[in-house]
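Hi everyone, thanks for coming. I'd like to walk you through one structure today, so have a look at the screen and then we'll go through it piece by piece.

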Amino acid sequence: MKVAWAGSRHAVEVADRMACLVASDPVFRKDTRTMLSRKELFKDTLKKAAHAWKRTVELHLTEEEANLLRLYIDQPGYVDLHWVMFVPAIKGQGTEEQQKKWLTMAYKFQIIGTYAQTELGHGSNVQGLETTATFDPSTDEFIMHSPTLTSSKWWPGGLGKTSTHAVVYARLITEGKDYGIHGFIMQLRSLDDHSPLPGITIGDIGGKFGSGAYNSMDNGVMRLDHVRIPRDQMLMRLAQVTREGKYVHSDVPKQLLYGTMVYVRQTIVADASRALSRAVCIAVRYGAIRKQFGSKAGGPETQVLNYKTQQSRLFPFLASAYAFRFVGQWLKWLYTDVTQKLESKDFSTLPEAHACTAGLKSVTTSATADAIEECQKLCGGHGYLNSSGLPELFAVNLPACTYEGDNVVLLLQVARFLMKTVSQVASGKQPVGTTAYMGNIQHLMQCKSVVNTVEDWLNPAAIKEVFEARALRMAVNCAQNISKAPSQEEGFSELSPDLVEAAVAHVQLIIVTKFIEKLQEDILGHGVKEQLQKLCGIYALHLIHNERLGKLYAQVRPNAVALVDAFDYTDHYLGSALGRYDGDVYSALYKEAWKDPLNETVVPDGYQEHLRPLLKQQLKLSRL
Ligand SMILES: CCCCC/C=C\C/C=C\C/C=C\C=C\C(=O)SCCNC(=O)CCNC(=O)[C@H](O)C(C)(C)COP(=O)(O)OP(=O)(O)OC[C@H]1O[C@@H](n2cnc3c(N)ncnc32)[C@H](O)[C@@H]1OP(=O)(O)O
Ligand SMILES: Cc1cc2nc3c(=O)[nH]c(=O)nc-3n(C[C@H](O)[C@H](O)[C@H](O)COP(=O)(O)OP(=O)(O)OC[C@H]3O[C@@H](n4cnc5c(N)ncnc54)[C@H](O)[C@@H]3O)c2cc1C
């Protein structure tokens, strides 16, 4: 099962090696992270990042190994933005010459980059950004400027205190005309003393939700006051400005400007499955250790994992973790395929790639955030302690519903793609890829489900048909209602809640389909495929209705702990007293409690000033 989860034996081996490297290195300790002040936490993040880079160089780690090392350190920081957004933005939007110049420095960490798109006034509406980049032909420079308060860059990770450079998105103005949003490479801080360059005001935007968690990241604010940069720092793969100031657009779709977001959304699906699997791992292992109540006859107490209510709340998450993992592996393939096509100037699959990445990012991160919260409840009171690992896991993953595109905004993009596809089907065009099922419209609009029993839900063809019929009917229903509205725009707006539901149904169909396709592969190991079939059934059935699932849960229960062990997480990475591999939960919880700064003294700080006078006074009063 470990191989099925990781994707290959090689993937298991590299992941194990990197996870152990991190777990055995004292610099990467994180057990007291939630007790650090913001300043201490930030400094700790700088220390870990520098140490990780040192180890990467010393051990000559490959890119794959270095990425895993960063992942297992498990502390958001400026390096994430550098590798996940700054480098890909230059790769995707820079010319070969620009890539050579900037990536050479970025790969060696001679510069640290971030991705500065969002502003105080606009995030979702990228075309509404206000920062300007006005070309000055007299000096061959762009003047970068924040004309209003709301145009202040706001949120970019690493911007606050760390980044030396950024890809900054701004409205390109040349020859008096506004050509809309484009990317520019800007140096922000001196490479000598790290002070902001003239005209740049920069800082951190302040503390965020939860202890520890995303507070390790210095999300930043930046104002630009007529800062000049050379013309060749405009990312010029998609469009150029000539020496004379003439705007020239390449023969590529302008949506490629959004390419970095497509790339990152794809990686976020993998992050979501990992976060969900961590929460499930903690809740399942703890559920096997925790006992409450026994039989009336005085028998042994029951493991809480054996309660049917616990299973019906928890096992759909276990199934979802596997489902998201497999769809994430497929999405990575899809992204690679699209990238290769784009390189040979085939842009035909770009809209589908956008819809798939946006939709899957949205559905998997929302489900994951909800599931982590529920796992906390599934662990009872102990789940609410920081030492359970769950509060921090929740706080770190909650913003994934917002960053890289608000989940509702992204689902509306999927809906727009679906409405276009429905209208193309109506005019006789055969849809392809993930919307190919819409070509079977006659049958899917009328067919009746043959699913009656739990066993039917293990029949892939039956499952697929139910999900296809559901998704298609919801999409067609929306399209019909939009066509009755006074205008397309009004109809879309009025029906947006239904459109979001239709988009979710389409995305869930993709997830179910990819799970089924996974089951058709050669899967090694005795009983592995059978367990995955049951999980696929649970994932599909719990989305439609909750009846008849008990039988499947009972079949999964004997292997539940093994199914989470297959995630192959070290105790260090899991970071949970409740989810420990050895099950020694109570000693761990007890030990963790004594690490709290409040326990540094027996009598607390503040006793002399506040508690003692109060108690004394009350005592005096009572004697009067
Ligand atoms: C413990 C360790 C933790 C480690 C964490 C590591 C990594 C985590 C990674 C990141 C987290 C940290 C950083 C986060 C960074 C950010 O958040 S960066 C900012 C991201 N911002 C957004 O995502 C903004 C969302 N908004 C948009 O994407 C667009 O503005 C929107 C699509 C909503 C609207 O676009 P707009 O052009 O205004 O309007 P239209 O709807 O008219 O679209 C025009 C056409 O373009 C198509 N399209 C839109 N987007 C794309 C795309 N990405 N790719 C391809 N095509 C796209 C759209 O479908 C329209 O097409 P048609 O005209 O219909 O054919
Ligand atoms: C932790 C974190 C890290 C981030 N890192 C970065 C970074 O490194 N670089 C960067 O540039 N940005 C970053 N961001 C910003 C992030 O990308 C934006 O916050 C995100 O794109 C959402 O935009 P917004 O904040 O403007 O939300 P808004 O668009 O203002 O959303 C507010 C509400 O309005 C709704 N809404 C908005 N538009 C519509 C619509 N058309 N139809 C229906 N409902 C709508 C949304 O669903 C939401 O409920 C980060 C954000 C967070 C939280």
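Before any percentages, a quick word on terms: when I say helix or strand, I mean a DSSP run, H or I over at least four residues for a helix and E over at least two for a strand, numbered from the N terminus. Also, please keep in mind that what you're looking at is a predicted model.

Okay, let's start with what the record says. UniProt, in an unreviewed entry, lists "domain: Acyl-CoA oxidase C-alpha1" at residues 258-419. Over that stretch the chain is 72% helix and 4% strand, and the end C-alpha atoms sit 21 Å apart. The unreviewed entry in UniProt also has "domain: Acyl-CoA oxidase C-terminal", covering residues 547-616. There we get 51% helix and 0% strand, with 61 Å between the end C-alpha atoms.

Now, the domain assignment cuts the chain in its own way: domain 1 is 87-250, and domain 2 is 259-292 + 301-431 + 456-565. Their centres, taken over C-alpha atoms, are 34 Å apart. Domain 1 puts 12 residues into the contact, and domain 2 puts in 12 residues. On the domain 1 side, helix 5 brings the largest share, four residues. That side divides into six nonpolar, six polar and no charged residues.

So, where do the ligands go? Ligand 1 has residues from both domain 1 and domain 2 in its shell, so it lies between them. There are 28 residues around ligand 1, and the nearest are Val-126, Gln-255, Tyr-258, His-354 and Gly-405. Helix 5 (78-93), helix 7, helix 9 (350-378) and helix 11 each give two or more residues to that shell. By type, we have 13 nonpolar, 11 polar and four charged.

Ligand 2 also lies between the two domains, because domain 1 and domain 2 both give residues to its shell. Here 22 residues surround the ligand, with Gln-117, Thr-118, Gly-123, Ser-124 and Trp-155 the closest. Which element gives the most to this shell? Helix 11 does, with three residues. The split for the shell of ligand 2 is 11 nonpolar, nine polar and two charged.

Next, the inside. In soluble globular proteins, nonpolar side chains tend to be buried together. In our model the largest nonpolar core has 169 residues, and Ala-279, Val-280, Leu-318 and Cys-375 have the most contacts inside it. Helix 7 (residues 259-289) supplies the largest share of this core, 16 residues. Domain 1 and domain 2 each put at least three residues into the core. If you zoom in on Cys-375, leaving out residues up to four places away in sequence, you'll find contacts that include Ala-279, Val-280, Phe-317 and Leu-390.

Last stop, two slightly odd backbone spots. Most residues other than glycine have a negative phi. Phe-109 isn't a glycine, yet its phi is positive, about 60 degrees. You'll find Phe-109 in the loop between helix 6 (96-107) and strand 1. Glu-404 also has a positive phi of about 60 degrees without being a glycine, and its place is the loop between helix 10 (390-397) and helix 11.

Are these two buried or exposed? Phe-109 counts as partly exposed because it has 15 C-beta neighbours inside 10 Å. Glu-404 has 25 other C-beta atoms within 10 Å, so this residue is buried.

That's my tour, thanks for listening!

Definitions and conventions
Residues are numbered from 1 along each chain as its sequence is written. Chains are lettered from A and ligands numbered from 1 in the order in which they are written. This is a predicted model: local features need pLDDT of at least 70, side-chain atom pairs count only at pLDDT 80 or more; totals for chains, interfaces and linings use all residues. A residue is near a molecule or strand if its C-beta atom, placed from the backbone, lies within 6 Å of it. Ala, Val, Leu, Ile, Met, Phe, Trp, Tyr, Cys and Pro count as nonpolar, Asp, Glu, Lys and Arg as charged, and the others, Gly among them, as polar. Domain bounds come from an automatic or database domain assignment. UniProt positions are given in the numbering used here, feature names are shortened, and annotations may be inferred rather than shown by experiment. A nonpolar core is a set of buried Ala, Val, Leu, Ile, Met, Phe, Trp, Tyr and Cys residues joined through C-beta atoms within 7 Å. A residue is buried if 20 or more other C-beta atoms lie within 10 Å of its own, exposed if 12 or fewer, and partly exposed in between; C-beta atoms are placed from the backbone. Two residues are in contact if their C-beta atoms, placed from the backbone, lie within 7 Å.
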